Amino acid sequence: MNAIATRPAQPIKLYGSAISGHVHRVRLFLSMLGLPFEVIELDLKQRANRTPEFLARNPFGQVPVIEDGDVTLADSNAILVYLNARYSADPSRWMPQDAVGAARVQRWFSVAAGPLAHGPAAARVMALFGLAVDPTETVTRSHALLAVMEIHLERQPFLAAPSATLADIANYAYVAHAPEGRVSLEDYPHVREWLARVEALPGFVPMVRTPVGLAVAA
């Protein structure tokens with residue numbers, strides 16, 4: 001147990017957009033930890049993440065960013081690690097402390113930043129913003145990832161451990177919303193069951209759904 005677990009002196013500020021899966025990761029974990037937070041909504045279509053004020057918080061111009069007292073931190077996966085280490089009553093609940101367990105979570109962080117970001121997340125961006133780009137290659141990459149996840153989740157209920165970890169928080173949103181990027185989940189029953197298990201966790205909050213891609217008629 002984390003003997004020094006505390007609560008923030010004031011609500012944590014979360015800068016981002018409701019349509020961003022990266023932002024949802026952080027919002028989801030804040031909710032699961034029961035922490036007070038305030039969402040500062042940015043209009044990404046109007047490039048609110050490229051203003052001098054925002055770039056002072058994150059020079060890369062990416063969301064999310066949090067402000068927790070005198071701590072300003074960017075990168076969704078880094079923020080998950082920070083929140084867990086600082087505020088979770090039992091940090092090992094979400095990030096295993098043994099070498100193998102920690103490495104397994106890190107592996108899925110890499111998946112979230114690589115195949116997931118360049119597959120389902122990218123396909124969704126193309127549909128969401130109406131980009132004049134052929135999505136075929138991105139959709140194909142998405143299905144390649146989902147096929148690997150399907151085999152993996154046939155053997156165990158969560159990505160990195162028998163119970164949910166930060167790995168599941170990091171990968172949930174863009175898989176759940178893959179149909180918005182024209183990526184069907186129909187052929188991946190174990191992936192869908194995993195999504196349902198994440199959604200059943202205490203404190204779960206959904207990400208806003210947008211009627212694009214295969215989600216138009218949903």
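User: In this predicted model, which residue in β3 is the bridge partner of Lys13?

Analyst: The model is predicted. Strand β1 (residues 12-16) and β3 run antiparallel, joined by 3 bridges. In β3, Lys13 has as its bridge partner Glu67.

User: Which residue in β4 is the bridge partner of Val65?

Analyst: β3 also pairs with strand β4 (residues 71-74), in the antiparallel sense and over 4 bridges. The hairpin of β3 and β4 has 2 residues between the strands, and Gly69 takes a positive phi near 65 degrees there. In β4, Val65 has as its bridge partner Ala74.

User: Are the faces of strand β3 covered or uncovered?

Analyst: In a regular strand, side chains alternate between the two faces of the sheet. On one side of β3 (residues 65-68) are Val65 and Glu67, and on the other are Ile66 and Asp68. These residues are all buried, and both faces are covered.

User: How many of the 11 residues of helix α8 are buried?

Analyst: Helix α8 covers residues 166-176. Its buried residues include Leu166, Asp168, Asn171, Tyr172 and Val175. The helix is largely enclosed by the rest of the structure, because the buried count is 11 of the 11.

User: What is the geometry of the pair formed by the rings of Phe29 and Trp94?

Analyst: The structure holds 2 aromatic pairs. In one of them, the rings of Phe29 and Trp94 have their centres 5.3 Å apart. Their planes meet at 80 degrees, and over 60 counts as edge-to-face. The pair is therefore edge-to-face.

User: How many residues apart are Phe29 and Trp94?

Analyst: Phe29 is in helix α1 (residues 21-33) and is buried, with a relative accessible area of 0%. Trp94 is in helix α4 (residues 91-94) and counts as buried at 8% relative accessibility. The pair links distant parts of the chain, 65 residues apart.

User: Which residue forms an aromatic pair with Tyr172?

Analyst: This pair is edge-to-face, 5.4 Å centre to centre with 85 degrees between the planes. Tyr172 is in helix α8, and its partner is in the segment after α9 (189-199), 32 residues apart. Both residues are buried. The partner of Tyr172 is Phe204.

User: Which residue lies over the face of Trp94?

Analyst: The distance from the ring centre of Trp94 is 4.1 Å. The residue over that face is Arg93.

User: Is Val133 buried or partly exposed?

Analyst: Val133 lies in the loop between α6 (115-128) and α7 (136-155). With Val125, Phe129 and Leu131, Val133 makes a nonpolar surface patch of about 300 Å². Its relative accessibility is 44%, so Val133 counts as partly exposed.

How values were computed
Residues numbered from 1 in each chain as written. Predicted model: local features only at pLDDT ≥ 70, side-chain atom pairs only at ≥ 80, totals over all residues. Heavy atoms only, no water. Buried < 20%, exposed > 50% of the residue type's maximum accessible area, 1.4 Å probe, protein only. Phe/Tyr/Trp six-rings, centres within 6.5 Å; stacked < 30°, edge-to-face > 60°. Lys NZ or Arg CZ within 6 Å of the ring centre and 35° of its normal. Patch = residues over 30% accessible without salt bridge, like charges linked within 9 Å, V, L, I, M, F, W, Y side chains within 5 Å. Areas by Shrake-Rupley, 256 points an atom, 1.4 Å probe, with all protein chains shown as cover. Salt bridge = Lys/Arg side-chain N within 4 Å of Asp/Glu carboxyl O. Pairing = 2+ DSSP bridges.
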